[in-house]
Amino acid sequence: MLLQIGDIAEHITQISPASKCETVDHIFKSDPQLQGVVVIDNDYPVALIMRIRFYQQIGTLYGYTLYMGRPVSLVMDRDPLIVEYKTPITEVSKLAMNRQVENLYDYVIVTHEGRMFGAVSVRDLLLNFAEIQAMAASFLNPLTGLPGNMSINECLVKCLHQERFSVLYIDLDHFKAYNDTYGFKEGDRMIQATAEIAKHCALRLEGFLGHIGGDDFIVIIDNHHYTEACRILIEEFDSAIKDFYHSQHLAQKYVLTEDRSGLVGEIPLVSISVAVVTNRYRQFDSIEDIAGEAARVKKKCKLVPGSCYVDDAEPVHLK
């Protein structure tokens, strides 16, 4: 996928500041598809002349006679949008759309290492921007808008080369029972609320937050300072979860529904578990090794009633 503006830039006709307007007229008439020319000085773009405004100016009653034998400095735009080759297409799109209305469809001029390189039409810019947006959306979880598994795996691979890292695997306990009792719509709402709480946690830790899928999330940081953030995450979740149950269920602290074996029983209210994997005591050779260690720690976490987190040491329970 093309991400830099220079990747989609094309050659554009160039003229010098000393050129006459009749030269521009000849260029446009020789190439009806050409929408603009760039004025360069010492191999650097200094102005832009777009076809439509050029003919608007010379198309007046005396315009042709007035302009044809005179320099292009009379009709050129001295403040075009000029960007460097490596500028992201998404950033250029925003700059282009923030221009004055009369300049919205002007070429974007591209330079490379301080020299004229090419130009991009607004049509090509928007087509590539739409492709990038669509590709970006494929990396995000549609329910929460958080990065999905492709981005998560990339981040985990980077961990393997860091001096320190901690990976917080977050999931909800007894979520299926909640879904069965209150329905998928309410279940989705609970997952979205959990995502917001996880965002708060990731912001405190200045880390990466991803949505593995369902009720599973992951926070990745480049240090081992996660204890306080885990405590706050659990406290915020246990407080927020009260809004998702009827008063009767809150009072009895369970719902009556089928368990995973198909037997009807008293299933506890949803709680949150955080399994923490670090490289404090061991090194990992692959992301599969990290995932395997996470599965082992999560089993320990599931043995603790209520919300908790488990790290390299012992489970910490806040109840």
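Visitor: What phi does G183 take, just after α7?

Guide: In this predicted model, G183 has a positive phi of about 95°. G183 comes just after helix α7, which covers residues 175-182.

Visitor: How do I read a pair of packed helices, such as α7 and α8?

Guide: Two packed helices are described by the angle between their axes and the distance between the axes. Here the axes of α7 and α8 (residues 184-205) come within 7 Å. They cross at roughly 140°. The two helices are therefore oblique to each other.

Visitor: Which residues make the contact?

Guide: From α7, they are F175, Y178, N179 and Y182. From α8, they are F184, E186, G187, M190 and I191. The contact residues divide into 6 nonpolar, 2 polar and 1 charged.

Visitor: Which residues of α7 are buried, and what do they pack against?

Guide: An α-helix has 3.6 residues a turn, so residues three or four places apart point the same way. In α7, the buried residues are F175, A177, Y178, N179 and Y182. Their packing partners include α8, β7 (166-173) and α10 (247-252). Strands β10 (254-258) and β11 (264-268) are also among the partners.

Visitor: What is the strand order in the open sheet of 3 strands?

Guide: The order is β4-β5-β6, and the pairing is mixed. β4 (82-84) and β6 (115-120) stand at the edges with a single partner strand each, so one side of each has no neighbour in the sheet. From one strand to the next, the twist averages 35°.

Visitor: How many bridges join β4 to β5?

Guide: There are 3, and these strands run parallel. β5 spans residues 108-112. I82 stands opposite I109 in β5.

How values were computed
Residues are numbered from 1 along each chain as its sequence is written. This is a predicted model: local features need pLDDT of at least 70, side-chain atom pairs count only at pLDDT 80 or more; totals for chains, interfaces and linings use all residues. Side-chain values use heavy atoms; hydrogens and water are left out. Axes are lines fitted to C-alpha atoms, for helices over the stretch in contact, and angles run from 0 to 180 degrees between N-to-C directions. Helices (H or I, at least four residues) and strands (E, at least two) are DSSP runs, numbered from the N terminus. Angles under 35 degrees count as roughly parallel, over 145 as roughly antiparallel, 65 to 115 as roughly perpendicular and the rest as oblique. Contact means heavy atoms within 4.5 Å. Ala, Val, Leu, Ile, Met, Phe, Trp, Tyr, Cys and Pro count as nonpolar, Asp, Glu, Lys and Arg as charged, and the others, Gly among them, as polar. Two strands pair if DSSP finds at least two bridges between them. Buried means under 20% relative accessible area, exposed over 50%, partly exposed in between (1.4 Å probe, protein chains only).
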